[in-house]
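Visitor: Before we start, I would like each label justified by the value behind it.
Guide: Then take a look at the model, and ask.

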Amino acid sequence: NVMLSWQRTAFHFQPEQNWMNDPNGPLLHKGWYHLFYQYNQESAVWGNITWGHAVSKDLIHWFHLPYAMVPDQWYDVNGVWTGSATILPDGQIIMLYTGDTTDAVQVQCLAYPANLSDPLLIDWVKSPSNPVLFPPPGIGSKDFRDPTTAWLSPGGDKWRITIGSKVNKTGISIVYETSDFIKYDLLDGYLHQVAGTGMWECIDFYPVSLTESNGLDTSVNGAGVKHVMKASMDDDRHDYYALGTYDPIGNKWTPDNPELDVGIGHRYDYGIFYASKTFYDQNKQRRILWGWISESDAEGLDLMKGWACVQSIPRTVVYDQKTGTDLLQWPVEELESLRGDSVEADVKVGPGSVVPVAIDSASQLDVEVSFELDEEAVEAAVPEVGAGYDCTTSGGAANRGVLGPFGILVLADDNLTESTPIYFYVAKGANGKTESHFCADELRSSQAPDVVKTVYGSSVPVVDGEKFTIRSLVDHSIVESFAQGGRRVITSRVYPTKAINGAARVFLFNNATGASITASLKMWKMGSADIRQFPL
Ligand code: DQQ
């Protein structure tokens, strides 16, 4: 549909048409990054799930390849669902995925490349031993899915995987041990469980270094390492992670802070981002996170435009050494190869002001901006009383406080009839301390009917010596924003009708009543990733 064609993204991964959901089995093989994904060959809504497949040299420019796996066996005829890759020390690639059987039972299946010497890994073989795992006793036949990448058992001769499930309303992480990926032993107890969180989809479990900036291979453990556990909460459709310690002997993971446990603590992303998965990039020694970003327009519009959903820009994930309680997510450095013409602005923005930044065609952008709040104003600010600020219930960027909101307006038109504010709000509490919040406000993002408009956000630690910083990736109908170097992330889908293509603009704004801000901005127009069919 030509009317809506501008909504397609230029540098986010998308198939040419139809529906996509979870990223599956990302890996690097012979210099090519491989991305598999949940795909509907027939329509722009979920169903008939097949594994789409694409390859890239740099995680940004992708080539589409033939489907890796289609639902053609009794054990996956209702869908070749989500799975993960494990690269064995001898170079073999193990792909474990969930099959939905003829009777809609969730089973785990094994697949492997037909020809490891093919860098493109075009052909995949489903194991004749499939399915390799049925739901164990006490687990519902529809509550057993999404095997993780395997890690080595303590003896070093076996592998472990975890699979998400639930018992009543408790989300659980079931662990199996195997030496050949065909026969498995169920380990006692659970790796972890959290009451009241419901079904855990797409568990991810991996180490992060406390001292180094590189990523770690999935089997690394020991001093100087914490383990991240992530689960996608089927009940509230968000990806929650927690930092903790993995005891491989007891087969238990324990959160550092029970109040920040899986499903009740931090999210990777406070906007739309789900069913994510990491992999270890053995060439650049980094851990990379992918997430599925769905639409927030009506299903009928997706059918009209013939496609739905994108993948996030792949993000490196590291432990935040400054706070000790967070992860930092950051767009892979390769994205910067798409940066073109740049614009800079250094301005003081007074209370209640909006300042245009001189740029045309601001629908494909990489924006970096830092803000300093006038310190005297912070000192002088009268503390706010009442329940603390919360972006999601704040009413958005139009509601003024003494020390915020301030930030940028993206996908805005000249007259500001449409705009998406990405901003901070600083609240001074009764104790005189300030708390910072990072928000994205979609309320005025579009004049179209039938799109959901939300105010997203979270509180964010701003450590001594840090400015307030935002990086936003703007790509037609998506705004992916990173605060404080990736300590908090918010992804929005927005569907402007006026602030599109050549008409899209950027503004700095300060809607605080009692403080000026000093803003320092640099932004780049972004090229296209030119995603297309592989010339086979
Ligand atoms: N999507 C897959 C499931 C997974 C869910 C099916 C998460 O394997 O639990 O398409 O989005």
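**Core, fold and ligand shell**

Guide: This is a predicted model. Its largest nonpolar core has 153 residues, and those with the most contacts inside the core are Val367, Ile408, Val410 and Val506.

Visitor: What makes a set of residues a nonpolar core?
Guide: The members are buried nonpolar residues joined through C-beta atoms within 7 Å. Strand S28 (residues 403-412) gives this core its largest share, 7 residues. At least three residues come from each of domain 1 (16-333) and domain 2 (339-525).

Visitor: Which residues is Ile408 in contact with, leaving aside neighbours within four places in sequence?
Guide: A contact requires C-beta atoms within 7 Å. By that cut-off Ile408 touches Val367, Val369, Ile422, Ile470, Ser472, Val506, Phe507 and Leu508.

Visitor: Why is the protein chain called as compact as a globular protein of its length?
Guide: The globule rule gives 24 Å for 536 residues, and the radius of gyration is 23 Å, close to that value, so the description holds. The chain has 2 helices and 37 strands, and its C-alpha trace spans about 70 × 55 × 40 Å along the principal axes.

Visitor: How many of the residues count as buried?
Guide: The label requires 20 or more other C-beta atoms within 10 Å; 51% of the 536 residues count as buried.

Visitor: What surrounds the ligand?
Guide: The shell has 14 residues, the closest being Gln38, Trp81, Thr82, Glu201 and Ala275. Strands S1 (18-29), S5 (80-87), S14 (200-209) and S19 (274-281) each give two or more residues to the shell. By class, the shell divides into 5 nonpolar, 5 polar and 4 charged residues.

Terms used. Residues numbered from 1 in each chain as written. Predicted model: local features only at pLDDT ≥ 70, side-chain atom pairs only at ≥ 80, totals over all residues. Near = placed C-beta within 6 Å. Helix = DSSP H or I, 4+ residues; strand = E, 2+ residues; numbered from the N terminus. Nonpolar A, V, L, I, M, F, W, Y, C, P; charged D, E, K, R; others polar. Buried ≥ 20, exposed ≤ 12 C-beta atoms within 10 Å, placed from the backbone. Domains from an automatic or database assignment. Contact = placed C-beta atoms within 7 Å. Rg over C-alpha atoms; globule rule 2.2 N^0.38 Å.
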